[in-house]
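Here is a short briefing for a first look at this structure. Keep the view open while you read.

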Amino acid sequence: MSIQHPGGDPNANLYAQLKRDVLERIPHITTVEYVPDDVQAKQLQATFDPTRLDPQTGPESPKLIIAWYRQKPHDWFRVNYTDPNTGFHAGWHQDEDHPNLGRAHFQYKTGTSEDRWGITFKHQTPSLILWEIIDELLEDVLPTYQSSTHG
């Protein structure tokens, strides 16, 4: 069960920037959409081409769902990757769900295991944090965790 963020609406300008400056530049991503639509834009959803991932997956396309709220002193966000083919889930959260893990944490769940731990980001700018998350997803997380759930 997810806890709703207590603040206001996410920053629509931030979503446009994340879409343009990060998500549309990732060759593994085929589409980026505002959810539920362009007007309300409560989240961003990026769809991956399953054949461009390592390890490959499919036939359904994995998704990355982003919810981000600008606030002081630290932004609140959740970036969640889900592969419907394998049931694999990974999330990078900076929220209030696990205060014992620090400001931000990473979590994953496969069919046979799950874990979470505190993390820190090298950057503070939202677009650079998102680049960092996607790089970690593609370079470390999928090869390490999803490969054990597929095939």
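**Salt bridges, a pocket and aromatic rings**

Asp75 has a relative accessibility of 11%, so this residue counts as buried, the cut-off being under 20%. The model is predicted. Asp75 also pairs with a charged partner, Arg70, through a salt bridge. The points below start from such pairs, then turn to the largest pocket and the aromatic rings.

**Salt bridges**

- Side chains of opposite charge can pair when their charged atoms come close.
- The count of salt bridges comes to 6.
- In the bridge between Asp75 and Arg70, the N to O distance is 2.5 Å.
- Arg70 is partly exposed, at 45% relative accessibility, whereas Asp75 is buried.
- Arg20 and Asp21 form another salt bridge, and their closest N and O atoms lie 2.9 Å apart.
- Both ends of that bridge are partly exposed: Asp21 has a relative accessibility of 22%, and Arg20 has a relative accessible area of 47%.

**Arg78 and its partners**

- Where does Arg78 lie? Its place is in strand β4.
- Is Arg78 buried or exposed? Its relative accessible area is 10%, so Arg78 is buried, the limit being under 20%.
- Arg78 meets Asp97 in a salt bridge, at 2.9 Å from N to O.
- This pair links distant parts of the chain, with the two positions 19 residues apart in numbering. Arg78 sits in β4 (residues 76-83), while Asp97 sits in the loop between β5 (88-94) and β6 (104-109).
- Asp97 is partly exposed, at 25% relative accessibility.
- Asp95 joins in as well: a polar contact of 2.8 Å connects its side chain with that of Arg78.
- Together, Arg78, Asp95 and Asp97 are linked in a network of salt bridges.
- Ile66 is 12 residues from Arg78 along the chain, and the C-alpha atoms of the two are separated by 5.8 Å.

**The largest pocket**

- Rolling a probe the size of a water molecule over the atoms shows where empty space is left.
- How much space lies in the largest pocket? The volume is about 380 Å³.
- The largest pocket is lined by 16 residues, and the closest to its centre are His74, Asp75, Gln94, Arg103 and Gln124.
- Asp75 thus appears twice in this briefing: in the salt bridge with Arg70 and in the pocket lining.
- The lining of the largest pocket is mixed: 5 of its residues are nonpolar, 6 are polar and 5 are charged.

**Aromatic rings**

- How many aromatic pairs are there? The count comes to 12.
- One of them is formed by Phe77 and Phe121, whose ring centres are 5.8 Å apart. The planes stand at 55 degrees, and the pair is tilted.
- Phe77 and Phe121 come from distant parts of the chain, 44 residues apart. Phe77 belongs to strand β4, and Phe121 to the loop between β7 (114-119) and α2 (126-146).
- Phe77 and Phe121 are both buried.
- Which residues form one aromatic cluster? The members are Trp92, Phe106, Tyr108, Trp117 and Tyr145.

**Strand β4 in brief**

- Strand β4 holds Arg78 and Phe77.
- Arg78 is part of the salt-bridge network with Asp95 and Asp97, and Phe77 is part of the tilted pair with Phe121.

Methods. Residues numbered from 1 in each chain as written. Predicted model: local features only at pLDDT ≥ 70, side-chain atom pairs only at ≥ 80, totals over all residues. Heavy atoms only, no water. Salt bridge = Lys/Arg side-chain N within 4 Å of Asp/Glu carboxyl O. Buried < 20%, exposed > 50% of the residue type's maximum accessible area, 1.4 Å probe, protein only. Helix = DSSP H or I, 4+ residues; strand = E, 2+ residues; numbered from the N terminus. 1 Å grid on protein atoms, 1.4 Å probe; cavity = no way out; pocket = protein on both sides within 12 Å on 5 of 7 lines; lining within 4 Å. Points joined across faces, edges and corners; volume = space filled by probe spheres on them. Nonpolar A, V, L, I, M, F, W, Y, C, P; charged D, E, K, R; others polar. Phe/Tyr/Trp six-rings, centres within 6.5 Å; stacked < 30°, edge-to-face > 60°. Polar contact = N/O pair within 3.5 Å; in protein donor to acceptor, adjacent residues only side chain to side chain.
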